[in-house]
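Here are a few exercises to work through with the model open beside you. Try each task before you read its solution.

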Amino acid sequence: MSTTASDPLAALGSLPGVPDAVDSVRKAVDRVYGHRVMRRRSNEVTAEAALRGSRGSAALAGADWSLEEVRRRTDFSGEDEARTVGAALRLTAEAGQLLSIWRQSPLRVLARLHLVAAGGATPDDAVGRPRLAGEIVDEPLIEALLPGAEEVAGRLEGLSRLIIAGGSAPALVTAAVVHGELLALRPFVSHNGLVARTAERIVLIGSGLDPKSICPAEVGHAEQGRAAYVAAFEGYTAGTPEGMAAWITHCGRSIELGVRESTAVCEALQRGAA
C-alpha cells in the first residue's frame, strides 16, 4: 500500500469506480437492514451470516465444505480441512468481541486472532506474533512475493497507525485495505488469509456499516471464486491506482453478495422455512 496523500485511505476512496462501489454497498446494506425480519429476528440472521461467512472464508483457505456439512459437524480437530473450518468458525465468533480493542490496538487484535485461529495447530512459540526472519509461511492460495520480517513489522505499524488515527475514508475502503495489506504481508506463519478476512469483518462491524454483522463479505469472496480473488489481490499488490480500485471494488461486490445471502435468509425466516 503506497500513496503520498495526507489521508491515504480517503484518497483511495476517490479512485475511478470506487465512489460508485461505496454507494452501491451502502444502498445494499441499507436494504437488508430495512427488511421487516430484522426488527424481530436480527439475532438469527446474525448467527446464520456468521456460519455462512465462516464457510466462505474456509473455502478460500482450501476447505470448500457445503453449508450443510459445516452445520452438521461438531468435531473440527481431525484432518486439515476440518481444522481450517474450525479455525474459521472460531474467528467469526471472536470478531465481535474485539471491537473496542481494535480501535486502540489493532496489533493486539491481530495477535489474538492468530492465537484463536491456530488453536494448537501451530508451534506455541510462533502463535500470536509476527513471523521471524527465516520462518516458513504456510498459506494456501496466496503466492505473491513474501515480504521480509523487518518489512512486515514496519508495515504493520503503519497500518496500525492508520486504523488508530481514523479518518474520512468509507468503511469499504478501510476494510479492503486492511484485508489486502494483511494478505500481502502474511505476518504470521499460518492462517493469514483467515485472519485477514476476519479483520475485514471487524472493520465493517466497527465502522457502523454492518453493526449487526449480517453482511458476510466472505460469502461473496468465495462466490466470486478463488481465481477472481487472487486476480483482484494482485491488483492490490501492484499498487497502481487501477489495481487498488479493482481490489476495492472486488471487496465491495463481495459485501453485496453477502447482503444477498442474508436477504435470502430473511426471506426464508419470513416464510417460516429457516
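**Exercise 1: two helix crossings**

Helix α9 passes α13 in a right-handed crossing (the near helix is turned clockwise from the far one by less than a right angle; anticlockwise would be left-handed). Before going on, note that this is a predicted model, where local features need pLDDT of at least 70, side-chain atom pairs count only at pLDDT 80 or more, and totals for chains, interfaces and linings use all residues. Residues are numbered from 1 along each chain as its sequence is written, and side-chain values use heavy atoms, with hydrogens and water left out.

Task: work out how α9 and α13 are oriented to each other, and which residues make their contact.

Solution. Start with the axes: those of α9 and α13 come within 9 Å and cross at roughly 110 degrees. Axes here are lines fitted to C-alpha atoms, for helices over the stretch in contact, with angles from 0 to 180 degrees between N-to-C directions. The two helices are therefore roughly perpendicular (65 to 115 degrees; under 35 is roughly parallel, over 145 roughly antiparallel, the rest oblique). Helices themselves are DSSP runs (H or I, at least four residues), numbered from the N terminus.

Next, pick out the contact (heavy atoms within 4.5 Å). From α9 come L172, V173, A176, H179, G180 and L183, and from α13 come W247, I248, C251, G252 and I255. By class, that contact has eight nonpolar, three polar and no charged residues. Ala, Val, Leu, Ile, Met, Phe, Trp, Tyr, Cys and Pro count as nonpolar, Asp, Glu, Lys and Arg as charged, and the others, Gly among them, as polar.

Task: now do it for α12 (226-238) and α13 (241-271); how do they cross?

Solution. Their axes come within 6 Å and cross at roughly 140 degrees, which makes α12 oblique to α13. The crossing of α12 past α13 is left-handed. On the α12 side you'll find A228, Y229, A232, F233, G235 and Y236, meeting G243, M244, A246, W247 and H250 of α13.

**Exercise 2: an enclosed helix**

Task: is helix α11 (residues 217-224) largely enclosed or not enclosed?

Solution. Go residue by residue: A217, E218, V219, G220, H221 and A222 are buried (under 20% relative accessible area with a 1.4 Å probe, protein chains only; exposed is over 50%, partly exposed in between). Six of the eight residues are buried, so α11 is largely enclosed by the rest of the structure. The buried ones pack against α3 (38-60), α9, α10 (192-206), α12 and α13. Just past the helix, G225 takes a positive phi of about 100 degrees.

**Exercise 3: into the core**

Task: which members of the largest nonpolar core touch the most other members, and what does I255 contact?

Solution. A nonpolar core is a set of buried Ala, Val, Leu, Ile, Met, Phe, Trp, Tyr and Cys residues joined through side-chain atoms within 4.5 Å. Of the 82 residues in the largest one, W102, L110, W247 and I255 touch the most other members. Its largest share, eleven residues, comes from α9 (residues 171-185). Leaving aside neighbours within four places in sequence, I255 contacts V25, V29, L172, L204, C215 and A217.

Follow V29 next: this residue sits in α2 (residues 18-33) and, at 1% relative accessibility, counts as buried. The C-alpha atoms of V29 and C215 are 7.2 Å apart, although 186 residues separate them along the chain.
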